[in-house]
Amino acid sequence: AHLGPVPSRHMIGAMSFTQTVIGELLRREISDPKLALKTSSAWNKLLILELDILLAGYLTDSTGDA
């Protein structure tokens with residue numbers, strides 16, 4: 001906590017790395033390419049949703065209604 005928040009660019013980079021690793025693992029472990037692609041797509045959607053939630057803390061309310 002004494003180091004402050006993690007910069008948002010690191011959050012985005014970590015999620016990109018995670019997506020890449022999961023995609024590669026699925027490609028390697030699932031013999032059916034169509035199933036591997038569908039599974040990877042589902043994971044990417046979930047991870048993007050998680051990234052959106054994580055990045056919400058970096059946004060500020062510009063309307064002044066906080």
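This passage describes the nonpolar core, one surface patch and a buried serine in a predicted model.

In the predicted model, the largest nonpolar core is made up of 6 residues, namely M11, M15, I22, L26, L47 and L51. Two helices, α1 (8–29) and α2 (33–56), each contribute at least two residues to this core, and α1 provides the largest share, with 4 residues. In soluble globular proteins, nonpolar side chains tend to be buried together. For one member of the core, M11, the contacts beyond four places in sequence were also examined, and these comprise V6, L51, L54, L55 and Y58; among them is L51, itself listed as a residue of the core.

Helix α2 also holds S40, which is not among the residues of the core. With a relative accessible area of 14%, S40 counts as buried, because the value lies under the limit of 20% used for that term. When neighbours within four places in sequence are left aside, S40 is in contact with G23 and L26, and L26 is one of the core residues.

A nonpolar patch is found on the surface, where W43, L46, L49 and I53 together present about 380 Å² of accessible area. Within this patch, I53 belongs to helix α2, and its relative accessible area of 51% places I53 in the exposed class, since that class begins over 50%. Helix α2 therefore carries both the buried S40 and the exposed I53.

Note on methods:
Residues are numbered from 1 along each chain as its sequence is written. This is a predicted model: local features need pLDDT of at least 70, side-chain atom pairs count only at pLDDT 80 or more; totals for chains, interfaces and linings use all residues. Side-chain values use heavy atoms; hydrogens and water are left out. A nonpolar core is a set of buried Ala, Val, Leu, Ile, Met, Phe, Trp, Tyr and Cys residues joined through side-chain atoms within 4.5 Å. Buried means under 20% relative accessible area, exposed over 50%, partly exposed in between (1.4 Å probe, protein chains only). Contact means heavy atoms within 4.5 Å. Patches are made of residues with over 30% relative accessible area and no salt bridge: like charges are joined within 9 Å, nonpolar side chains (Val, Leu, Ile, Met, Phe, Trp, Tyr) within 5 Å. Accessible areas come from the Shrake-Rupley method with a 1.4 Å probe; for residues, only the protein chains shown count as cover. A salt bridge is a side-chain nitrogen of Lys or Arg within 4 Å of a carboxyl oxygen of Asp or Glu.
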